[in-house]
Amino acid sequence: MAMVLGKTLASCVLVLLSLWLCIHSLPIVVDQSKENITSKEGELDPPQSVNTGLHYDRYLREVIEYLEKDPYFREKLTNTNVDDIKEGKLAKELNFVHHNLRTKLDELKREEMSRLRMLIKAKHDLEAGDGWKVDHKALLKQFEHLNHDNPHSFEPDDLDRLIKAATSDLQNFDKERHNEFKQYEMMKEHERREKLKAMSEEERKKEEERYQEMKKKRADHAKVNHPGSEDQLKEVWKESDGLDPTDFNPKTFFKLHDSNGDGFLDENELEAIFSLELDKMYKSTDNEYDMMRMQEDRLRMREHVMVEVDTDKDRLVSLAEFIESTKKMEFKQKEEWETVEKQNAPFTEEELAAFEEQLSQEGKMIMQQAEELQKQHEELQKKQEALHAHKLNIQQAMDDLEKKKSQSKSDVKESGGVGAAGEQALNGT
């Protein structure tokens, strides 16, 4: 089930330790023969890492990976404990890193500030139209992962803010994903019930039979092994690694699936291990294939293993933790894993009713807005029609005046002409 992260100070420290270890474990290639941090062309190498899913993911990864390229900062990072990170001592070390790196960090921050301004303007244009003036400085305050008061340079305060924002956001990331799935399931059930309401009694009966048959079909699959159990790992060892299950070795298994060779199984590497189990339940060729449910099952499997194996709660599984987990009684778990399909709905009837009420209120609001827009459209049309009619009247009046002038001139000529004063009067001068 969902990973439980406490709200106490101790849990906050664990989260900070998580980020520290994530940074510390990132693989780097260092040329020991060189003292500087630049490439042959004198520029920093571009960073490569796993996506965290945060909206400022690229900025976070680039800052961390560029900092790791500085020998001084790397050494400080290795010797820094979680309390120092929490107190902002690590961020202060930024003052002593290589000048080329500081210049690059300044550039990264300016790019991030520019990206945020573009996001704010795009959102503002959609909500308020092009005629509104955007107060970027005020709106930037909602982004806590950098110091927006200084948009030009990357300072220790920026690193401190980035660490704190990332630890907080990553702490809530899985919770938000579960909530998104819950909303998805409620919407599906709402639409199903609305569809049934529009049917005749006989049609509803047939649809319910079809629905139950579909659920039965989805639940009819090969046994899904408990994530992280001996049976589950041995199946991967045999089917994916092509090795004899009787020769299963936890240390070898770990190294085979530590794809980046950093000495840890991260969340992506763990989730890849569950692919065989997920393939038993979900097939992309199936008409009833539900990718959201597959992702939810994958997430739950990973969370379960993290709870059982990740003893220091750093969101990484070390070799020592992995081997230790194979010695526990849970490793011999033979009971089948309870999938999303076999569980009760992830919401109660009360929650569904509240969700439907919210949908109803939002629908009414949209209808009111649509009606208001229609009224504004009709009023605008009336004004345009009135303006057009007014223009026609003015044009008609001008045409009539011109005709009168022409007629007057014609009458004067027929009567034998007029003097200079009369000519000016006829011409309106």
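Contact here means heavy atoms within 4.5 Å.

**Figure 1. The whole protein, before we zoom in.** What you're looking at is a predicted model. How many helices and strands does the protein have? There are 17 helices, along with 2 strands. The chain runs to 429 residues, and 36% of them count as buried. Now take the contacts between residues at least 6 apart in sequence: 68% of these join residues at least 24 apart.

**Figure 2. Helix α3 and its cap.** Helix α3 covers residues 71-78, and its buried residues are F73, R74 and L77. They sit on the same side of α3, because the arc they cover around the axis is only 100°. Look at the N-terminal end of α3 as well, where D70 acts as the cap. A side-chain oxygen of D70 lies 3.2 Å from the backbone nitrogen of Y72.

**Figure 3. Helix α11 and what it packs against.** Which residues of helix α11 (residues 250-257) are buried? They are F253, F254 and H257. These residues cover an arc of only 100° around the axis, so they end up on the same side of α11. What do the buried residues of α11 pack against? Their partners are the helices α10 (230-239), α12 and α15 (319-325), plus β1 (264-265) and β2 (317-318). This helix has a cap too: N249 caps the N-terminal end of α11, with a side-chain oxygen 3.0 Å from the backbone nitrogen of K251.

**Figure 4. T252, another residue of α11.** T252 also lies in helix α11. Is T252 buried or partly exposed? With a relative accessible area of 36%, T252 is partly exposed. Find W237 while you're here: T252 and W237 are 15 residues apart along the chain, and 9.8 Å separates their C-alpha atoms.

**Figure 5. E267, a buried residue in α12.** E267 belongs to helix α12, which spans residues 267-273. Why does E267 count as buried? Its relative accessible area is 18%, and buried means under 20%. Which side chain does the side chain of E267 meet in a polar contact? That would be the side chain of R302, at 3.5 Å. Leaving aside residues up to four places away in sequence, E267 touches M306 and R315 as well as R302.

**Figure 6. K280 and its neighbours.** Move on to helix α13 (residues 275-281), where you'll find K280. K280 is buried, with a relative accessible area of 17%. Its side chain has two polar partners to look for here. One is the side chain of E277, which makes a polar contact with the side chain of K280 at 3.0 Å. The other is the backbone of K223, whose oxygen lies 2.7 Å from a polar atom of the K280 side chain. Not counting residues up to four places away in sequence, K280 touches H221, A222, K223, V224, N225 and E235.

**Figure 7. The second largest pocket.** This pocket holds about 560 Å³ of space. It is lined by 25 residues, and the closest to its centre are E189, R192, Y211, R218 and R293. Two helices, α8 (156-197) and α9 (201-219), each supply at least two residues of this lining. What is the lining made of, class by class? Count 15 charged residues, 7 nonpolar ones and 3 polar ones.

**Figure 8. The largest cavity.** The model has 3 cavities of 30 Å³ or more. How much space lies in the largest cavity? About 60 Å³. The residues that line the largest cavity are R218, H221, M281, Y282, R293, D297, T339 and E341. Sorted by class, this lining has 4 charged, 2 polar and 2 nonpolar residues. You may recognise R218 and R293, which are listed for the second largest pocket and also line the largest cavity.

**Figure 9. T103 in helix α6.** The last view goes to helix α6 (residues 99-128), home of T103. T103 is partly exposed, with a relative accessible area of 39%. How far apart in space are T103 and S153? From C-alpha to C-alpha they are 8.2 Å apart, while in sequence they are 50 residues apart.

Terms used
Residues numbered from 1 in each chain as written. Predicted model: local features only at pLDDT ≥ 70, side-chain atom pairs only at ≥ 80, totals over all residues. Heavy atoms only, no water. Helix = DSSP H or I, 4+ residues; strand = E, 2+ residues; numbered from the N terminus. Buried < 20%, exposed > 50% of the residue type's maximum accessible area, 1.4 Å probe, protein only. Polar contact = N/O pair within 3.5 Å; in protein donor to acceptor, adjacent residues only side chain to side chain. 1 Å grid on protein atoms, 1.4 Å probe; cavity = no way out; pocket = protein on both sides within 12 Å on 5 of 7 lines; lining within 4 Å. Points joined across faces, edges and corners; volume = space filled by probe spheres on them. Nonpolar A, V, L, I, M, F, W, Y, C, P; charged D, E, K, R; others polar. Arc of directions from axis to C-beta.
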